[in-house]
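Here is a short tour of a protein chain, meant to be read with the viewer open. Grab the model, spin it around, and follow along.

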Amino acid sequence: MKYTSNTLKNRDFYALVKDILDHEDIQKLDYINHHGKSILDHCLKVSYHSWKWGSKFHWDTRSLARGGLLHDFFMYDWSNSPPYPDRKAYQIFKMHGFTHPLAALNNASERFELNRIERDIIRRHMFPLTLIPPRYKESWLVMVVDKIVSLSEIPQYLRS
């Protein structure tokens, strides 16, 4: 799906994430199930709400928008079938909540230049599962927004 400033409405937000949304691998996330919709839909919600709240606090909105958009940049449907056929990979797959932040960070780092806050947002968004807490206030905000958005998606997930 191709996103435009008309789709995303807020031009300030869109300007921060346009290059990411234009990337072909990010667009593939629109076809991978996540919480009853797509990974891209979920990440856009987290990104936008994090950016919006960060704007009110005068925090680093660029890092919030970009880190929020990339926080779940893994390329598989974790709720359906494992991405790898062997037994060891399946055991890792079952640990998705613990392992996907590193997969997302690796994918994002290979495709985009990330600052230290964006890297921390992606790597630490699953705290406390990942044990090490976020380092920056922006990372804490995305972590909380991700949990709120995920909870709001439960009814859709149960219906699907």
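## Aromatic pairs

This is a predicted model, and it holds 6 aromatic pairs. Take Phe13 and Tyr48: their ring centres sit 5.3 Å apart with the planes at 90 degrees, so the pair is edge-to-face. This pair links distant parts of the chain, with Phe13 in helix H2 (residues 11–21) and Tyr48 in helix H4, 35 residues apart. The two partners are covered to quite unlike degrees: Phe13 is buried, with a relative accessible area of 0%, whereas Tyr48 comes out as partly exposed at 26%.

Another pair to look up is Phe127 with Trp140. Here the centres are 5.6 Å apart and the planes stand at 75 degrees, so this pair is edge-to-face. Phe127 lies in the loop between H8 and H9 while Trp140 belongs to helix H9, so the pair ties together parts that are 13 residues apart in sequence. Phe127 is buried, at 18% relative accessible area, and Trp140 is partly exposed, at 35%. Back at the Phe13 site, there is a cluster too: Phe13, Tyr48 and Trp51 form one aromatic cluster.

## The loop between H8 and H9

Stay with Phe127 for a moment, and look at the bond that follows. The peptide bond from Phe127 to Pro128 is cis, with omega near 15 degrees. Pro128 is in the loop between H8 and H9. For background, most peptide bonds are trans, and most residues other than glycine have a negative phi.

Leu131 is found in that loop between H8 and H9 as well. Its backbone also stands out: phi of Leu131 is near 70 degrees, a positive value in a residue other than glycine. Is Leu131 buried or exposed? With 70% relative accessibility, Leu131 counts as exposed, because the cut-off for that label is over 50%.

Met126 is in the loop too, which runs between helix H8 (116–124) and helix H9 (137–159). Met126 has 16% relative accessibility and so counts as buried; the cut-off for that label is under 20%. Thr99 is 27 residues away from Met126 in sequence, yet their C-alpha atoms are 9.3 Å apart in space.

## His100 and its surroundings

Which residues does His100 touch, leaving aside its neighbours within four places in sequence? The contacts are His71, Asp72, Phe74, Tyr76, His125 and Met126. So much for the partners; as for its own place, His100 is found in helix H7 (residues 96–111). At 4% relative accessibility, His100 counts as buried.

## A second positive phi

His58 gives you another backbone oddity to check. Its phi is near 65 degrees, again a positive value in a residue other than glycine. You'll find His58 in the loop between helix H4 (39–57) and H5. The side of the chain it sits on is easy to describe in terms of cover: His58 is exposed, with a relative accessible area of 71%.

## How H5 packs on H8

Just after that loop comes helix H5 (residues 61–70), which packs with H8 at an angle of about 35 degrees, the axes being 8 Å apart. The crossing of H5 and H8 is right-handed. On the H5 side, the contact is made by Arg62, Ser63, Leu64, Arg66, Gly67, Gly68 and Leu70; H8 brings Ile117, Glu118, Ile121 and Ile122. Sorted by type, the residues of this contact divide into 5 nonpolar, 3 polar and 3 charged.

## The chain as a whole

Now zoom out. The chain has 9 helices and 2 strands. Reading from the N terminus, the elements run α-α-α-β-β-α-α-α-α-α-α.

Of the 160 residues in the chain, 46% count as buried. About 8800 Å² of the chain is exposed, and carbon and sulfur atoms supply 56% of that. As for contacts with a separation of 6 or more, 62% of them are between residues 24 or more positions apart.

Technical notes. Residues numbered from 1 in each chain as written. Predicted model: local features only at pLDDT ≥ 70, side-chain atom pairs only at ≥ 80, totals over all residues. Heavy atoms only, no water. Helix = DSSP H or I, 4+ residues; strand = E, 2+ residues; numbered from the N terminus. Buried < 20%, exposed > 50% of the residue type's maximum accessible area, 1.4 Å probe, protein only. Axes fitted to C-alpha atoms, helices over the stretch in contact; angles between N-to-C directions. Left-handed = near helix turned anticlockwise from the far one by under 90°. Contact = heavy atoms within 4.5 Å. Nonpolar A, V, L, I, M, F, W, Y, C, P; charged D, E, K, R; others polar. Areas by Shrake-Rupley, 256 points an atom, 1.4 Å probe, with all protein chains shown as cover. Phe/Tyr/Trp six-rings, centres within 6.5 Å; stacked < 30°, edge-to-face > 60°.
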